[in-house]
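Open the model in your viewer and keep a selection panel at hand. We will go from the whole chain to single side chains.

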Amino acid sequence: MRAFFTCGIVLLLAAHPAAAAAEAHYAEQRAAMLHAIDRDAIDTAGYTGRRGFDARVMAAIGAVPRHLFVPADKASRAYDNRPLPIGYGQTISQPYIVALMTDLLDLGGGDVVFELGTGSGYQAAVLSGLVAEVYTVEIVPELAALAAERLARLGYDNITAWHGDGYYGRPEKAPFDAIIVTAAASHVPPPLIAQLKPGGRMVIPVGAAFLVQQLMLIEKTAEGDILTRHILPVMFVPLTGER
Ligand code: SAH
């Protein structure tokens, strides 16, 4: 019994430096990913009008352990600046796209944000560090359950994640300061326009499924007028559901 105990303590001590080394490795990869995003921001400035993203946005991305949001067998690729499969035919978005969409929302610390398309929960986790509250909905039940469990386990306690069809938004929590749609829609869902606060912003990829779409920035003016701007050609998984 005593030998067993001693052995357990030795193992615990031995496990610690390995875990610390893995964390340092991921931190290094995360820093490299931030540089890759900076480079992409410069390369796409002609489209976006932004040669770099807000320091708060970059810090929020630098704080999220992306390797814990991808399937375990893809953890070694988690910090590549590219999308990765997360199962059920869905993907976690490319880090540069996450940065761009987050930056376009011009978020404030008191904002309440609605996300359509939780997927892995990664985008929601990035938003969590920048705003007061995040509401995120996912239509694939297995992904919704996985993401909700993951976000709770990692301590993102200002995120409400649930299973459902995001086309209809979340009327009882509206209006939202910002809305982010991370699946390609054939049109901008009218319920989401209705749930955007005057002065609020929405980013959404609009276009045909499985083809190139246009990332659009939609602004609702203080008077309630809708302004739209095309930002960049993108490719997202399609928005599904009854509509
Ligand atoms: N934001 C995610 C990436 C999402 S991929 C991340 O950070 O990982 C787009 C997601 O939108 C997919 O998981 C897809 O199942 C979901 N989706 C598609 N149509 C939807 C709908 N009508 N309502 C809610 N989620 C939807």
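**Whole chain**

Start with contacts at a separation of 6 or more: 54% of those in the protein join residues 24 or more positions apart. Keep in mind that this is a predicted model. Colour by secondary structure and you get 7 helices and 9 strands. Show the C-alpha trace; along its principal axes the trace spans about 75 × 40 × 35 Å. The radius of gyration is 19 Å, which agrees with the value near 18 Å for a compact globule of 243 residues. Now colour by burial: buried residues make up 48% of the 243. Switch on the surface. The accessible area comes to about 11600 Å², with 60% of it belonging to carbon and sulfur atoms.

**Into the cores**

Nonpolar side chains in soluble globular proteins tend to be buried together. Select Ile 37, Phe 53, Ile 61, Phe 69, Leu 100, Leu 107 and Tyr 122. These have the most contacts inside the largest nonpolar core, which has 52 residues. Add helix 4, residues 95-104; this helix gives the most to that core, with 7 residues. Next, centre on Leu 100. Leaving aside residues up to four places away in sequence, Leu 100 touches Thr 48, Phe 53, Leu 215, Ile 231 and Leu 232. Then pick Leu 192, Val 206, Met 216 and Leu 239, which are included in a second, separate core of 19 residues.

**Ring to ring**

Show the aromatic side chains. The whole structure holds 8 aromatic pairs. Zoom to Phe 53 and Tyr 96: the ring centres are 6.0 Å apart and the planes are at 35°, so this pair is tilted. Phe 53 is in the loop between helix 2 (45-48) and helix 3 (55-62), while Tyr 96 is in helix 4, so the pair ties together parts 43 residues apart in sequence. Both Phe 53 and Tyr 96 are buried.

Move to Tyr 135 and Phe 176, a tilted pair at 6.2 Å centre to centre and 55° between the planes. Tyr 135 belongs to strand 4 (residues 133-138) and Phe 176 to strand 6 (residues 176-181), so parts 41 residues apart in sequence are tied together here. Are these two rings' residues, Tyr 135 and Phe 176, buried or exposed? Both are buried. Extend the selection to Phe 114 and Trp 162: ring pairs link these with Tyr 135 and Phe 176 into a cluster.

**Charge over ring**

Stay on Trp 162 and add Arg 170. The charged end of Arg 170 sits over the Trp 162 ring, 4.3 Å from its centre. Finish at Tyr 122, where the charged end of Arg 66 sits over the ring, 5.2 Å from its centre.

Technical notes
Residues numbered from 1 in each chain as written. Predicted model: local features only at pLDDT ≥ 70, side-chain atom pairs only at ≥ 80, totals over all residues. Heavy atoms only, no water. Core = buried A, V, L, I, M, F, W, Y, C linked by side-chain atoms within 4.5 Å. Buried < 20%, exposed > 50% of the residue type's maximum accessible area, 1.4 Å probe, protein only. Helix = DSSP H or I, 4+ residues; strand = E, 2+ residues; numbered from the N terminus. Contact = heavy atoms within 4.5 Å. Phe/Tyr/Trp six-rings, centres within 6.5 Å; stacked < 30°, edge-to-face > 60°. Lys NZ or Arg CZ within 6 Å of the ring centre and 35° of its normal. Rg over C-alpha atoms; globule rule 2.2 N^0.38 Å. Areas by Shrake-Rupley, 256 points an atom, 1.4 Å probe, with all protein chains shown as cover.
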